[in-house]
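Please open the model in your viewer and keep the sequence panel beside it. The stops below say what to select next and what is found there.

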Amino acid sequence: MEKAKSVGRLGLLGIQNLVLCFGATVLVPILLGINIGIALISAGVGTLIFHCCTKFKVPVFLGSSFAFLPALSSAIAAYGVNAAMGGVVIAGAVYLVFAFLIWKVGVGKILSFFPPVVTGPIILLIGTILIPSSITTIKTPIGNIDPNLNWLVMLITVAIAAFVMAKGKGLLKLIPILFAIPGGYVVAALFGMVNVDTIKTAAWFGLPKIIWPTFNLGAILTIAPIAVATFVEHIGDIEAVDSIANQKFASDPGLHRTILGDGLATMFAGFIGGPPNTTYSEGTGGMAITKNYDPRTFRIAACLAILLGFCGKFIALLQTIPGPVMGGISFLIFGSISCMGLKTLVTNKIDFSQSRNIVIVALMLGFGLVSSGGIVIGSLDISGVALAAIVGIVLNKVWPEKKPSTEI
């Protein structure tokens, strides 16, 4: 009896972990127009790969990364989805390089290339560049329905999410997307914006279509540099898990192993047509509330994600979510990503009385926004975020930071 209770408890906690991470995991493929089932399978298998690499010790769920959205959108438009997946594979390989360097020289020397004055603007740009795409999604006409109703549905969807974020308690506060999307969906359905015909014809179970990668230099240069920002983000996530679980996962099994797991998971996603994977803060936040640090519950969540990836009717249901609903959620999320970039600059007390810091941030924002649709160099089409990252890394190294004077 006790064993049955224990198994049941692990199962419920596993379902809870998936619920916390589910909304963001499926939102990325929906916005990119790639297969949702493949994204769920990528997240599930990627999480299991991560756990294997980290000796089954680290309580983490890997899901679709928002950081790669602008670069992936540009690469898909310029080179096609197969070439974009090749860029994802190489981005995962960049993680492997970081893992090797951390193992050899230590994380401190590597992070010297990516201080907050560089990573803050990168994160800010990722959100800012994406906001116009959410506006386009909201404005796209739906049949003969009054376009003004699109904005009403968008505002209701955002209001639901904001209400849950402001008033929700405990776990509820961590899953505003899972309240906002159904709420917006119901409102949109009342206005005749939902077509469920595809659900009726979809099979209950089936193998999602795999998209094999091809390797194009332009797509690689557009996508792979984003790994710079997500690498730093990953370290922050692992530090947060350490703090909440009162462990030293950064030492045992080690950051090189967690980065390795993230990289291999992303490479796997690219090889089957899924978005890049990243450690999810939603799972970390859930641990802080439930005090559940058992890695097995995250592996259960991973297995459930894989099973859902094969459920055709479930995938078809997600694909019927109207543009104003998804546009409203993405509008809020992209703005939140930009806020995280600002938070990085503020919490790290970047001194803008120094000309150096002003120039680095200004040029990164300038290059990133001017070339937000991609900059063409010969036959290469490089995303604005990637170009901004290169500018920031170079300027940070050639223009040393002025140390505060210790003279009395």
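Begin by selecting Ile321, which touches Ile181, Tyr185 and Met326 when residues up to four places away in sequence are not counted, contact meaning heavy atoms within 4.5 Å. This is a predicted model, in which local features need pLDDT of at least 70 and side-chain atom pairs count only at pLDDT 80 or more, while totals for chains, interfaces and linings use all residues. Residues are numbered from 1 along each chain as its sequence is written, and side-chain values use heavy atoms, with hydrogens and water left out.

Ile321 lies in the loop between α15 (312-319) and α16 (323-347); helices here are DSSP runs of H or I with at least four residues, and strands are E runs of at least two, numbered from the N terminus. With a relative accessible area of 13%, Ile321 is buried (buried means under 20%, exposed over 50%, and partly exposed in between, with a 1.4 Å probe and protein chains only). Add Val194 to the selection: its C-alpha atom is separated by 7.0 Å from that of Ile321, although the two residues are 127 apart along the chain.

Next, select Thr47 in helix α2 (residues 36-53), where the relative accessible area is 0% and the residue is therefore buried. A polar atom of the Thr47 side chain lies 2.8 Å from the backbone oxygen of Ala43. Leaving aside residues up to four places away in sequence, Thr47 touches Val60, Phe61, Leu62, Phe298 and Ala302.

Then display helix α6 (residues 116-139) together with helix α7 (residues 147-167), whose axes come within 8 Å and cross at roughly 125°. That angle makes α6 oblique to α7, since angles under 35 degrees count as roughly parallel, over 145 as roughly antiparallel, 65 to 115 as roughly perpendicular and the rest as oblique. The axes are lines fitted to C-alpha atoms over the stretch in contact, and angles run from 0 to 180 degrees between N-to-C directions. To see the contact itself, show Ile135, Ile138 and Lys139 in α6, which meet Asn150, Trp151 and Met154 in α7.

For a last local stop, select Leu221 in helix α10 (residues 217-223), which is partly exposed at a relative accessible area of 31%. The C-alpha atoms of Leu221 and Ala91 are separated by 9.4 Å, with these positions 130 residues apart along the chain.

Finally, zoom out to the whole chain, which has 18 helices and 4 strands, and in which 51% of the 408 residues count as buried.

Notes:
Polar contact = N/O pair within 3.5 Å; in protein donor to acceptor, adjacent residues only side chain to side chain.
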